[in-house]
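Colleague: I am new to this structure. Please take me through a single strand and what surrounds it.

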Amino acid sequence: MEYKRLNKAISETGYCSRRAADRLIEEGKVKVNGQPAEMGLKVTASDKITVDGEVITKEVGNIYLIFNKPVGITCTTDTNIKGNIIDFIGYPERIFPVGRIDKPSEGLIFMTNDGDIVNKILRAKNNHEKEYVVRVNKRITPDFIRRMSNGIPILDTVTEKCKVKQIDAYTFNIILTQGLNRQIRRMCDYLDYEVKELKRIRIMNIKLGSLKRGKYRSFTGPELKELKALIEDSSKTEEASL
């Protein structure tokens, strides 16, 4: 009989990510076989897991979507928040975003019901490139490109070196492996530039391509296969940390 940690078992149902499952357990909202669950509990497939009294099971297969988020949509599963990503997409099954894009920004975000893959993607730091096209309020200089590339002091740290390339007088391309809060906007602000438009065009091997704003599509077979290969090492790291 296979045992797995409760947070992983919850995430594999598509109810939420593993991190969110930990919060639910800490808040006392999770029960296993009718008993309040504790952090670190291990369960089997025969155990009955409930969240706020609702039995959670996985009734559909894994869903992996690419969504082109418009400006003004909030990356939250809280449907009480106006303009939330869940209501906007209106997908017939329960899904949630992998990571987030700020409300004033647009572009590529993954949507899934596979909570386990979320953790693997977020842990795959070495391969987790995110590419953006950014338009600012004044002319870009060689000094701006150099300083953005080499690291900017924000949020009590210095950003890691990254690839920055000028596209035109007001637009640049940037590839990050970090995920600091509002990182690009804060970096630009430090150099006295204001971001006017910010669009994410790639996550790891997945490109936004010609997908129209506000639309979604499923991953192709090759895309999913390559993504899983890129995050394979992260699952080993994760197991080692449990």
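Modeller: What follows is a close look at strand E9, then at the nonpolar cores.

This is a predicted model, in which local features need pLDDT of at least 70, side-chain atom pairs count only at pLDDT 80 or more, and totals for chains, interfaces and linings use all residues. Residues are numbered from 1 along each chain as its sequence is written, and side-chain values use heavy atoms, with hydrogens and water left out.

Start with the strand itself. Strand E9 covers residues 106-112. Strands (E, at least two residues) and helices (H or I, at least four) are DSSP runs, numbered from the N terminus. Seven of the seven residues of E9 are buried, so the strand is largely enclosed by the rest of the structure. Buried means under 20% relative accessible area, exposed over 50%, and partly exposed in between, with a 1.4 Å probe and protein chains only.

Now the partners. Two strands pair if DSSP finds at least two bridges between them. Strand E7 (residues 64-69) runs antiparallel to E9, joined by six bridges. Here asparagine 68 sits opposite leucine 108 of E9. Strand E8 (residues 96-98) is also antiparallel to E9, over three bridges. In that pairing, valine 98 faces phenylalanine 110 of E9. Strand E15 (residues 195-203) runs parallel to E9, with two bridges. Lysine 199 in E15 is the bridge partner of glutamate 106.

Glutamate 106 deserves a closer look. This residue belongs to E9. Its relative accessible area is 10%, so glutamate 106 counts as buried. Contact means heavy atoms within 4.5 Å. Not counting residues up to four places away in sequence, glutamate 106 touches Lys69, Pro70, Val71, Ile101, Leu198, Lys199, Arg200 and Arg213.

E15 leads on to a core. A nonpolar core is a set of buried Ala, Val, Leu, Ile, Met, Phe, Trp, Tyr and Cys residues joined through side-chain atoms within 4.5 Å. The largest one has 21 residues. Those with the most contacts inside it are Val134, Phe144, Met148, Phe172, Ile174, Ile184 and Cys188. At least two residues of this core come from each of strand E10 (130-136), helix H5 (142-150), strand E14 (171-176), helix H6 (183-190) and E15. Setting aside neighbours within four places in sequence, phenylalanine 144 contacts Phe172, Cys188, Leu191 and Tyr193. A second, separate core has 18 residues, including Tyr64, Ile66, Leu208 and Phe219.
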